[in-house]
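Reader: Could you show me how to read a ligand site and a domain layout from a set of coordinates? I would like the general idea before the particular case.

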Amino acid sequence: MPGLINPGALWKIVRAGHPRARLRATRDGLTAVRLHLGAAAVETGLLDSLATGDATTAELARRLGAVDEELLTAFLRVAASVGLIGGGEGRPWRLTARGRAIVEDDLVRAGYEAFSGLHSAVYREMATLLRGGERRRDMAEHGALIARISQGFESLVMDALARTVAERRPRRVLDVGCGAGLELAVMLEAAPAAHGVGIDLDAEAADLAERTLRERGLSGRASVVRSDIRDPSARASGPLAEPFDVALLANVIYYLPMAERVPLLRDIAGLLNPGGLLFLVATVATPQFFSRHFDLLLRAQEGRMELTDADGLVSQLTEAGFVVDRPRPIAPGAPAVTVTATLPG
Ligand SMILES: C[S@@+](CC[C@H](N)C(=O)[O-])C[C@H]1O[C@@H](n2cnc3c(N)ncnc32)[C@H](O)[C@@H]1O
């Protein structure tokens, strides 16, 4: 019957090698190809360009600076086959709802960029890394992308953060490693009388934070410092010189070597008023796939980074002088926790 696999051929497929593993390899492979296709559609500027208006292949070649129109056509056809764009076959190319979601939602865009880039590069480089090859420098080279992808935690953490901050009615709030500044904005919105300070060593991330504050109408109540929180002069002068009532350390602690974590927490304690609160968010070491992957990614970096487990976090906070509440998973079973810790009054 047309359309059905002949039973003899099917039997051969089922008997050959490891049929399930073959299926899995193909499925994983095609998912990886789709990921890279999405990333290429972002990185070539294709999706952004179609967001400004439909275009023929020739017009797109002009907009993207493509010199090989045949290759571009083949690329456009693949993008259309997975639904990122529509049109072709004599009609102008256009953005589909699926393509538009990448253009309009920066977390989707950052997902394609980060997973096709730094998150998978570690495996492409694993053989070299294992033989002592140069470590990765993702924080230095992709700081802004890491800050953007970190926004994925946002919805799971923001409610708890806003509630905690609102209860405290702080006068001053601090966001250490503020990245894109979304948490700083949420803290300021939860505490309308507060002034906020964000600090980030990545200049591009600090620019993103300033943009977020501007867009949310909070620029007048906040400042962003471009510096390493470990630098004593950054802590002793400027916007950090006066003490804070609440500090946030979200998705930052594992970028420091283990030996520097208690000193960092002590530095933060030194920036807080007596009775001040630290709200910490961190992915922790668990046997789950993402936790193991992230730990490997950290260990592949310059600078001896790694994940610690939730008990390790509690010990470090206690050693730094905080009274620590029980870590709570950000979602049931998630390998990331929030921890609140207070300084004695
Ligand atoms: C993964 S991002 C997290 C951003 C944000 N806190 C969030 O949760 O969305 C980590 C940020 O911490 C910053 N960072 C790392 N170490 C730092 C340090 N020692 N001082 C200041 N910023 C730091 C990085 O530049 C980066 O923007």
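Author: What follows takes the ligand and then the domains, in a model that is predicted.

Reader: Which residues come nearest to the ligand?

Author: One begins with the list of neighbours, and here, of the 19 residues around the ligand, those that come nearest are Gly-177, Asp-200, Asp-228, Ala-250 and Asn-251. By class, the shell around the ligand divides into 9 nonpolar, 5 polar and 5 charged residues.

Reader: What polar contacts does the ligand make with Asp-200, Leu-201 and Ala-250?

Author: It helps to keep side chain and backbone apart when reading such pairs. The side chain of Asp-200 places an N or O atom 2.6 Å from an oxygen atom of the ligand, whereas at Leu-201 a polar backbone atom is 3.3 Å from a ligand nitrogen atom. At Ala-250 a backbone N or O atom lies 2.8 Å from a nitrogen atom of the ligand. On its own the ligand has 600 Å² of accessible area, of which the protein covers 98%.

Reader: Which pocket does the ligand take up?

Author: The ligand takes the space of the largest pocket.

Reader: Where do the domains lie along the chain, and how far apart are their C-alpha centres?

Author: Domain 1 spans 7-145 and domain 2 spans 150-342, with their C-alpha centres 33 Å apart. Centre distance and contact are read separately, and here 15 residues of domain 1 are in contact with 16 residues of domain 2.

Note on methods:
Residues are numbered from 1 along each chain as its sequence is written. This is a predicted model: local features need pLDDT of at least 70, side-chain atom pairs count only at pLDDT 80 or more; totals for chains, interfaces and linings use all residues. Side-chain values use heavy atoms; hydrogens and water are left out. A residue is near a molecule or strand if one of its heavy atoms lies within 4 Å of it. A polar contact is a pair of N or O atoms within 3.5 Å; within protein, one must be able to donate a hydrogen and the other to accept it, and residues adjacent in sequence count only if both atoms are side-chain atoms. Accessible areas come from the Shrake-Rupley method with a 1.4 Å probe; for residues, only the protein chains shown count as cover. On a 1 Å grid over the protein atoms alone, a cavity is a set of points where a 1.4 Å probe fits but cannot get out, and a pocket is an open set with protein on both sides within 12 Å along at least five of seven lines; lining residues have an atom within 4 Å of a point. A molecule sits in a cavity or pocket if more than half of its atoms lie within 2 Å of its grid points. Ala, Val, Leu, Ile, Met, Phe, Trp, Tyr, Cys and Pro count as nonpolar, Asp, Glu, Lys and Arg as charged, and the others, Gly among them, as polar. Domain bounds come from an automatic or database domain assignment. Contact means heavy atoms within 4.5 Å.
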